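Okay, thanks for coming, everyone. Let me put the structure up and then walk you through what I found.

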Amino acid sequence: KKSGGEGVENQQAFAAGSFVEFVEKSRTHIGKIEGVEHKSSGGARYQVVDSEGRAFNIPDKDVKYCMTCPNSPGQAEKLYKDFCKAQDSPIKSIQDTIDVSPELIQMAWEEATEGGEEESSTHDLTPASFIELVHARTASAMEKYLAWKLLQSEQAHIFFKEIKHNGRVMSFKAKTRKAVDNAKDVFCRTHQDDNEICFV
């Protein structure tokens, strides 16, 4: 049913019960969607309770990442705890957890640009397809989230740019070799001491 005026399409909303990373006043939180409502304009709003039990009412654009809640309460509780813990993980710890070194990020970029050098012919990678590419297996819910965070790191920005949909980063496009060479040059001038990517 349409809400509001004729012809207003309700935005595809995340389901109640989903786990989300969201931004509120420039702070990032992890929470659970308790309720969903559609405004007369068709946009979705969510009632979310964060990991400390505080309630928020946020527009769809403030949700940065969403995870489906598992059906089993035990699995759901573990996933939510892992999600909360991972939110503040440093990049080095994320690399160790999903076993992705800077060399593997570069390898994924080389695979994604195999079709040709023009940006139009490079593949977009999602967090799931990135894990599949580097580890040849299907990613778990947490691996997808960690890959999503890793692919937004400074190192990954050398090779990939973020592709947004409805204000959310959904996938990553391989940059051209020229753009990568330039980005790597700038990155390594400021990070040469501690960064193995500069020796790849």
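So, what share of the contacts with a separation of 6 or more comes from residues 24 or more positions apart? In this chain it's 56%, where contact means heavy atoms within 4.5 Å.

Quick ground rules. This is a predicted model, so local features need pLDDT of at least 70 and side-chain atom pairs count only at pLDDT 80 or more, while totals for chains, interfaces and linings use all residues. Residues are numbered from 1 along each chain as its sequence is written, and side-chain values use heavy atoms, with hydrogens and water left out.

On confidence: pLDDT is the predictor's confidence in each residue, from 0 to 100. The chain averages 89, and 87% of the residues score at least 70. Residues 1-5 stay under 50, and the model has nine contacts for them beyond four places in sequence.

Next, the inventory. We've got seven helices and eight strands; those are DSSP runs numbered from the N terminus, helices being H or I with at least four residues and strands E with at least two. Of the 200 residues, 40% count as buried, meaning under 20% relative accessible area with a 1.4 Å probe, protein chains only (exposed is over 50%, partly exposed in between).

Now the sheet. It's an open one with five strands, in the order S4-S3-S2-S1-S5, and the pairing is antiparallel. Two strands pair if DSSP finds at least two bridges between them. Strand S4 (55-59) and strand S5 (63-67) sit at the edges with a single partner strand each, so one side of each has no neighbour in the sheet. From one strand to the next, the twist averages 40°. Zooming in, strand S2 (residues 27-38) and strand S3 (residues 44-50) run antiparallel and are joined by seven bridges; one partner pair there is His38 with Ala44 in S3.

What packs on that sheet? Helix H1 (residues 73-87) does, touching strand S1 (19-24), S2, S3 and S5, and its direction makes about 135° with that of S2. H5 packs on the sheet too, touching S1, S2 and S5, at about 155° to the direction of S5. For angles like these, axes are lines fitted to C-alpha atoms, for helices over the stretch in contact, and angles run from 0 to 180 degrees between N-to-C directions.

H5 also meets H4. Their axes come within 8 Å and cross at roughly 95°, which makes H4 roughly perpendicular to H5 (65 to 115 degrees counts as roughly perpendicular, under 35 as roughly parallel, over 145 as roughly antiparallel, and the rest as oblique). On the H4 side you have Pro127, Ala128, Phe130 and Ile131, and on the H5 side Glu143, Lys144, Ala147, Trp148 and Leu150.

H4 (residues 127-135) has another partner, helix H3 (residues 102-112): about 105°, axes 10 Å apart. So H3 is roughly perpendicular to H4 as well. Here H3 brings Leu104, Ile105, Met107, Ala108 and Glu111, against Phe130, Leu133, Val134 and His135 of H4.

Last one: is Phe172 buried or exposed? Buried, at 0% relative accessibility. Phe172 lies in strand S8 (residues 168-174), and its contacts include Pro127, Trp148 and Phe160. Phe159 is 13 residues from Phe172 in sequence, and 9.3 Å away C-alpha to C-alpha.

That's me done.
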